[in-house]
Amino acid sequence: MFKTLKDSLLNLRFPLLAAFFIWIKTYLATLFKFDLTIESPMQQFILFISPLAVAMLVTGLALFFQGKKRNYVIIITNILLTIVLIGNILFYGFYNDFITLPILLQATNLGGLGSSIRELLNPFMLLLVVDIFILVFLMKKYPKFSSTEKINGLIKGFYFLLTAAIFTLNLGLAQADRPQLLTRSFDREYLVRYMGLFFYQGYDAFQSGKTSTQRALASGDQLTEVQNFIRSNRVISDSPLAGSMSGKNVVMITLESFQSFLIGAEINGEEVTPFLNEFIQRSYYFENFYHQTAQGKTSDSEFITETSLYPLSRGAVFFTHATNEFVTIPELLRDEGYYSTVLHANNASFWNRNVVYSSFGFDSFFTENSFEITDENSIGWGMNDVTFMEQSIDILDTLQQPFYAKLLTLTNHFPYEIDEAHTLIGPYDSGDGTFDRYFQTARYLDEALRVFVENLKESGLYENTVIVMYGDHYGQSENRYRPMAQFLGKDEITAADHIELQRVPFIVHLPGQTEGETISTVSGQVDIKPTILSLLGVDAPDGIGFGNDMFGTNHPNLVIFRDGSFVTDSYIYRGGTFFDKDTREEIEPPEDAERLLNRVEQELHYSDSIIYGNLLRFYSGNNHETGTIQTEIR
Ligand code: GP9
Ligand code: MN
């Protein structure tokens with residue numbers, strides 16, 4: 001009996017070694033390839049043990065195979081996990097984020113990964129595969145060490161008990177350090193940090209499955225529940241401008257990757273945004289406006305704008321729920337006789353736009369085929385913004401009025417490439433090229449906006465067009481907070497600074513407006529739809545979207561971010577800590593903390609349930625025909 005036990009135990013050597021390899025390489029990759037904030041020795045320890053339980057569990061599945069097969073299963077498991085690991089390293093190198101299943105399905109948007117493929121040649125990568133060769137070698141040359149004889153049930157039980165014990169220890173320590181880790185799983189980084197990359201990846205797969213089930217089980221009652229929640233938090237706008245723009249054209253320009261700190265900034269005494277500095281003097285400028293996007297970047301900003309819902313925490317709604325029912329700006333304006341269109345000099349299927357715009361009810365979509373794009377007028381991602389604006393005016397000129405036209409800019413896009421011929425100011429001097437050139441491409445975008453407004457005046461459209469501009473999302477990620485701190489003259493970028501850096505411009509210029517106003521209301525992209533509808537005097541649909549009219553003096557001054565952070569006019573909340581909004585110092589949780597945290601959680605939850613359950617198919621006001629749009633070619 002003891003002999004069999006001892007032999008069985010020895011037979012665990014090979015699988016245990018394989019699990020050990022996976023554990024250590026995952027730990028090393030997590031430590032060196034992902035930029036995770038570790039604040040205490042305990043967190044360091046949790047990070048160290050976090051890959052172990054899953055490594056043992058997955059490798060342990062091989063114990064259910066007998067004979068030669070067992071070691072092959074062990075090696076194949078190792079190879080698969082290594083692919084996931086390397087895939088995440090490459091993805092992280094570019095997106096500063098971990099892979100989620102929905103984003104993987106967005107293969108067309110993984111183009112940017114090209115530059116990270118170089119990483120594959122990094123010697124570190126060798127370290128991640130060398131163990132596979134060692135295992136194969138041991139299997140071939142040392143049959144005794146890699147013996148695949150039957151393993152006693154008791155020993156198997158011991159193996160999995162040990163695995164479970166390690167997992168429980170890991171989870172217990174993680175929960176103690178960060179309560180509600182799994183229930184409030186807005187944040188991928190936390191999951192990787194506390195439970196390891198493979199646990200996170202499994203959890204993500206489980207969430208994906210749950211999402212599909214949610215849709216199948218959804219019912220009209222759920223919509224009623226959502227509507228009740230929204231109605232109970234709603235404020236009726238007291239905006240003096242309500243209805244004043246009825247029947248006017250609307251041009252909405254997204255400012256690619258444009259953060260608010262650029263406005264008014266100077267490089268070597270030269271203004272980065274000379275045009276906008278002057279334009280906001282005769283427009284409404286919202287200085288406390290925040291983007292609310294997540295993984296879906298530009299597409300999320302569009303989704304939020306058109307629907308007043310929050311983006312998903314995983315994937316881009318433009319891909320995951322492209323054909324859901326939504327009640328969008330174009331659909332609502334169609335009832336008022338508006339023609340809606342999008343102009344963007346890129347390919348039609350990028351971010352799945354052609355599919356989504358159809359279901360959003362746009363009448364047309366002017367893509368790269370509608371613009372004359374040449375090598376000379378291209379920068380970085382495609383046609384330069386100045387030429388884009390010039391050619392866009394020609395298109396706007398031909399449209400049926402009133403129109404709602406959305407123009408998506410492109411030059412100020414990561415990695416902020418620009419050539420001599422288009423450079424209008426010198427770079428910043430932090431030594432980080434991506435950061436330093438950002439001011440140059442932003443300056444170029446500013447120029448494009450000047451060209452747009454001038455040409456709009458010449459075309460005569462300026463007199464009856466409301467111009468709206470907003471930044472779609474941040475341009476400089478946390479990877480660039482060293483040069484960012486240098487630029488802002490700070491020692492470091494704190495959690496509170498990070499939130500304040502999510503401010504992007506929101507500008508509204510009304511026809512005939514000569515006097516501007518800077519408005520400090522704390523607002524975000526979910527507020528765009530109610531604000532535009534209010535200006536145009538169109539009733540917002542009842543209780544099916546979030547956000548409030550930014551021109552209302554009774555706006556709630558609350559902005560909720562996808563990861564559960566939020567800002568009010570007096571404080572900032574991020575990662576479990578409150579900060580004073582003015583001083584940005586850490587503060588004790590304020591009196592209404594619990595109420596606000598609940599509100600934030602519920603709002604995100606109800607928004608998700610609309611998307612996951614496709615609940616707006618049950619909305620009675622949703623009688624809008626959505627056909628297929630043609631992408632226009634001139
Ligand atoms: C591409 C443009 C950029 O068409 O909208 O998208 P982004 O990478 O910023 O999400
Ligand atoms: Mn963008």
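What spacing do the donors of the manganese ion (ligand 2) follow along the chain? In this predicted model, the pattern reads E-x41-T-x173-D-H. Put into residues, the ion is held by Glu256, through OE atoms listed twice, along with Thr298 (OG1), Asp472 (OD) and His473 (NE2), at 2.0 to 2.4 Å. The site doesn't fit a neat textbook geometry: the angles among its six donor atoms run from 56 to 167°, and the site is irregular. Thr298 sits in helix H14 (residues 297-307), while His473 belongs to the loop between strand S11 (465-471) and helix H20 (481-488), so this pair ties together parts that are 175 residues apart in sequence. Both Thr298 and His473 are buried.

Now for the helices, starting with H2. Helix H2 (residues 13-33) and helix H8 (residues 123-141) pack with their axes 10 Å apart, at an angle of about 175°. H2 and H8 are therefore roughly antiparallel to each other. On the H2 side, the contact takes in Phe14, Leu17, Ala18, Phe21, Lys25, Leu28, Ala29, Phe32 and Lys33. An α-helix has 3.6 residues a turn, so residues three or four places apart point the same way. Across from them, H8 supplies residues including Phe124, Leu127, Leu128, Asp131 and Ile132. Sorted by class, the contact of H2 with H8 has 15 nonpolar residues, three charged ones and no polar ones.

H2 also meets helix H3 (residues 41-49), and here the axes come within 8 Å and cross at roughly 135°. That makes H2 and H3 oblique to each other. Trp23, Ile24, Tyr27, Thr30 and Leu31 of H2 touch Gln44, Leu47, Phe48 and Ile49 of H3. Seven of the residues in the contact of H2 with H3 are nonpolar and two are polar, with no charged ones.

H2 and H3 turn up again around helix H10. Helix H10 (residues 188-195) is mostly covered, with eight of its eight residues buried. Among the buried residues are Arg188, Glu189 and Arg193, as well as Tyr190, Leu191 and Val192. What does the covering include? Besides H2 and H3, the cover of the buried residues of H10 includes helix H9 (153-177) and helix H11 (197-217). Just after H10 comes Gly196, which takes a positive phi of about 90°.

Terms used: Residues are numbered from 1 along each chain as its sequence is written. Chains are lettered from A and ligands numbered from 1 in the order in which they are written. This is a predicted model: local features need pLDDT of at least 70, side-chain atom pairs count only at pLDDT 80 or more; totals for chains, interfaces and linings use all residues. Side-chain values use heavy atoms; hydrogens and water are left out. Donors are N, O and S atoms within 2.8 Å of the metal (3.2 Å for Na, K and Ca); water is not among the atoms, so sites may look incomplete. Four donors count as tetrahedral if all angles lie between 85 and 135 degrees; four count as square planar and six as octahedral if opposite donors are over 155 degrees apart and all others between 65 and 115; anything else is irregular. Helices (H or I, at least four residues) and strands (E, at least two) are DSSP runs, numbered from the N terminus. Buried means under 20% relative accessible area, exposed over 50%, partly exposed in between (1.4 Å probe, protein chains only). Axes are lines fitted to C-alpha atoms, for helices over the stretch in contact, and angles run from 0 to 180 degrees between N-to-C directions. Angles under 35 degrees count as roughly parallel, over 145 as roughly antiparallel, 65 to 115 as roughly perpendicular and the rest as oblique. Contact means heavy atoms within 4.5 Å. Ala, Val, Leu, Ile, Met, Phe, Trp, Tyr, Cys and Pro count as nonpolar, Asp, Glu, Lys and Arg as charged, and the others, Gly among them, as polar.
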